[in-house]
Amino acid sequence: TIVDAMDDLSWCVLHYSGAARRAGQSYVGALLCTADGQWPESGKSGEGLERIRKAFEKCDLELWELFGGSTEQSFMWSESFTKWAEENPPPLDR
């Protein structure tokens, strides 16, 4: 399901879900898709980042739950993200 997309389609957030009946398991997830597989420049701060965060929130996911794929080429492991992650730890007291 398309959750949100930039007007120029430079990125979109997709939601998916399914089940493995024989294993008795179900799953849900979301993807941030871009043409080059990198975090979009327009989403690294400000309104763009907030829009992406809200799209993942609609999928019951927080940014700290995302996996970035590569420590060399992913925004998720950049200095700005790791700083953000330190300042916004997961709410483990739920």
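**Exercise 1. Decide whether Thr82 is buried, partly exposed or exposed, and place this residue in the chain.**

Solution. Begin with the accessibility in this predicted model: the relative accessible area of Thr82 is 31%. Buried would require a value under 20%, and exposed a value over 50%. Thr82 is therefore partly exposed, because its 31% falls in between. Next, look for the element that holds the residue: Thr82 belongs to helix H2, which covers residues 79–87. Finally, compare positions in sequence and in space: Trp64 is 18 residues away from Thr82 along the chain, and the C-alpha atoms of the two are separated by 9.6 Å.

**Exercise 2. Find how many helices and strands the protein chain has, and in which order its elements run.**

Solution. Counting the elements gives 2 helices and 3 strands. Reading from the N terminus on, the order is β-β-β-α-α. For the chain as a whole, two further values can be added: of its 94 residues, 23% are buried, and its accessible surface comes to about 7,000 Å², with 50% of that belonging to carbon and sulfur atoms. Among the contacts with a separation of 6 or more, 31% are between residues 24 or more positions apart.

**Exercise 3. Work out how strands S1, S2 and S3 pair, and describe the turns of the two hairpins.**

Solution. Take S1 and S2 to begin with: they pair in the antiparallel sense over 3 bridges, and Ala5 stands opposite Cys12 in S2. Between these two strands of the hairpin there are 5 residues, and in the turn Leu9 has a positive phi of about 60°. Then turn to S2 (residues 11–20) and S3 (residues 25–34), whose pairing is also antiparallel and extends over 10 bridges. Along this pairing, Ala20 has Gln25 in S3 as its bridge partner, while His15 stands opposite Ala30 in S3. The hairpin of S2 and S3 has 4 residues between the strands, and Gly24 takes a positive phi near 70° there.

**Exercise 4. Identify how many aromatic pairs the structure holds, and determine from the geometry of Tyr16 and Tyr27 whether they are stacked, edge-to-face or tilted.**

Solution. The structure holds 1 aromatic pair. To describe such a pair, one needs the distance of the ring centres and the angle of the planes. For Tyr16 and Tyr27, the centres are 6.4 Å apart and the planes stand at 50°. The distance is within the 6.5 Å limit, and the angle is neither under 30 degrees nor over 60, so the pair counts as tilted. The two rings come from distant parts of the chain, since Tyr16 lies in strand S2 and Tyr27 in strand S3, 11 residues apart. Both residues can then be checked for accessibility: Tyr16, at 39% relative accessible area, is partly exposed, and Tyr27, at 45%, is partly exposed as well.

**Exercise 5. Explain which residues of helix H1 are buried, how they are arranged around the axis, and what covers them.**

Solution. Start from the helix itself: H1 (residues 46–58) has 13 residues and reaches 19 Å from its first C-alpha to its last, close to the 18 Å expected at 1.5 Å a residue. Within H1, the buried residues are Gly48, Ile52, Ala55 and Phe56. These residues lie on the same side of H1, because they cover an arc of only 95° around the axis. Gly46, Glu47 and Lys58, on the other side of H1, are exposed. The cover of the buried residues includes strand S1 (2–5), S2 and S3. Just after H1, Asp60 takes a positive phi of about 60°.

**Exercise 6. Establish whether Cys59 is buried or exposed, and which residues it touches.**

Solution. Locate the residue before judging its cover: Cys59 sits in the loop between H1 and H2. Its relative accessibility is 6%, which is under the 20% cut-off, so Cys59 counts as buried. Leaving out residues up to four places away in sequence, Cys59 touches Val3, His15 and Ala30. Of these, His15 and Ala30 have already appeared opposite one another in the pairing with S3. A separation in space completes the picture: Cys59 and Leu14 are 45 residues apart in sequence, and their C-alpha atoms are 9.0 Å apart.

Note on methods
Residues are numbered from 1 along each chain as its sequence is written. This is a predicted model: local features need pLDDT of at least 70, side-chain atom pairs count only at pLDDT 80 or more; totals for chains, interfaces and linings use all residues. Side-chain values use heavy atoms; hydrogens and water are left out. Two strands pair if DSSP finds at least two bridges between them. Rings of Phe, Tyr and Trp (its six-membered ring) pair if their centres lie within 6.5 Å; planes under 30 degrees apart count as stacked, over 60 as edge-to-face and the rest as tilted. Buried means under 20% relative accessible area, exposed over 50%, partly exposed in between (1.4 Å probe, protein chains only). Contact means heavy atoms within 4.5 Å. Accessible areas come from the Shrake-Rupley method with a 1.4 Å probe; for residues, only the protein chains shown count as cover. The expected span of a helix is 1.5 Å times one less than its number of residues. The arc is that of the directions from the helix axis to the C-beta atoms.
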